[in-house]
Amino acid sequence: MSNILESLSALYERDLDLLLNELKAYKKEENLWVVTGDISNCGGNLVLHLCGNLRHFIGAMLGGSSYIRQRDDEFSLKDVKKPELVSQIKETKKSVIETLQELSENKLDEVYPINVFGKEMTVLFFLQHLHAHLNYHLGQLNYHRRLLDK
């Protein structure tokens, strides 16, 4: 595995572990699903969204997994139990890390298989974008938990 793939793998592993820790840090499971005021994304839906996003764009598109994304469910499902969310994070981590370990360095310079933003991008660019997306929502989850899980 190349240095860049090792680095990406380490970053994804670290931050998916952080996602799991944030989920587990909720004191009251029902608070995962609280929305109030301008906060429209609750913690549970953020977890579902991140798992669906990474399992689709990395696991399925790059790794060839059979995962089929149900994006609408990522935001509409409510009251998914914490153990199921834990399981989804663990499955996501497994899919992402295994896919990155199987990628060749040459693949990073190829055009990502689908056009997501209306323009072509390399696999490396999109992997970096997906990591930034993970961290953006990880920050939202942390804020949601600290604000609403009292």
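Does Cys42 count as buried or exposed, and at what relative accessibility? In this predicted model, Cys42 has a relative accessibility of 0% and therefore counts as buried. Cys51, at 1% relative accessibility, likewise counts as buried. Burial is taken here as a relative accessible area under 20%.

The structure holds zero disulfides. For Cys42, the closest cysteine sulfur is that of Cys51, and the distance of 14 Å is too far for a bond, because a disulfide requires sulfur atoms within 2.5 Å. Cys51 is also in no disulfide, the nearest cysteine sulfur being that of Cys42 at 14 Å.

Four aromatic pairs are present in the structure. In one of them, the ring centres of Phe57 and Tyr112 are separated by 6.5 Å and the ring planes form an angle of 55 degrees, so the pair is classed as tilted. Phe57 belongs to helix H2 (residues 43-60), whereas Tyr112 is located in the loop between helix H4 (82-102) and helix H5 (123-148); the pair therefore ties together parts that are 55 residues apart in sequence. Phe57 and Tyr112 are both buried.

Tyr112 also pairs with Phe126, with ring centres 4.5 Å apart and planes at 55 degrees, so this pair is tilted as well. The planes fall in the tilted class because their angle is neither under 30 degrees, as for stacked rings, nor over 60 degrees, as for edge-to-face rings. Phe126 lies in helix H5, and Tyr112 in the loop between H4 and H5, so the pair ties together parts that are 14 residues apart in sequence. Phe126 is buried, as is Tyr112. One aromatic cluster is formed by Phe57, Tyr112, Phe117 and Phe126.

Helix H4, which precedes the loop holding Tyr112, consists of 21 residues. The distance from the first C-alpha of H4 to its last is 30 Å, close to the 30 Å expected at 1.5 Å a residue. The buried residues of H4 include the aliphatic side chains of Leu85, Val86, Ile89, Val96, Ile97 and Leu100. Lys82, Gln88, Thr92, Ser95 and Thr99 of H4 are also buried. The cover over the buried residues of H4 includes helix H1 (3-25), H2 and H5. Of these covering helices, H2 contains Phe57 and H5 contains Phe126, both of which are members of the aromatic cluster.

Notes. Residues are numbered from 1 along each chain as its sequence is written. This is a predicted model: local features need pLDDT of at least 70, side-chain atom pairs count only at pLDDT 80 or more; totals for chains, interfaces and linings use all residues. Side-chain values use heavy atoms; hydrogens and water are left out. Rings of Phe, Tyr and Trp (its six-membered ring) pair if their centres lie within 6.5 Å; planes under 30 degrees apart count as stacked, over 60 as edge-to-face and the rest as tilted. Helices (H or I, at least four residues) and strands (E, at least two) are DSSP runs, numbered from the N terminus. Buried means under 20% relative accessible area, exposed over 50%, partly exposed in between (1.4 Å probe, protein chains only). The expected span of a helix is 1.5 Å times one less than its number of residues. Contact means heavy atoms within 4.5 Å.
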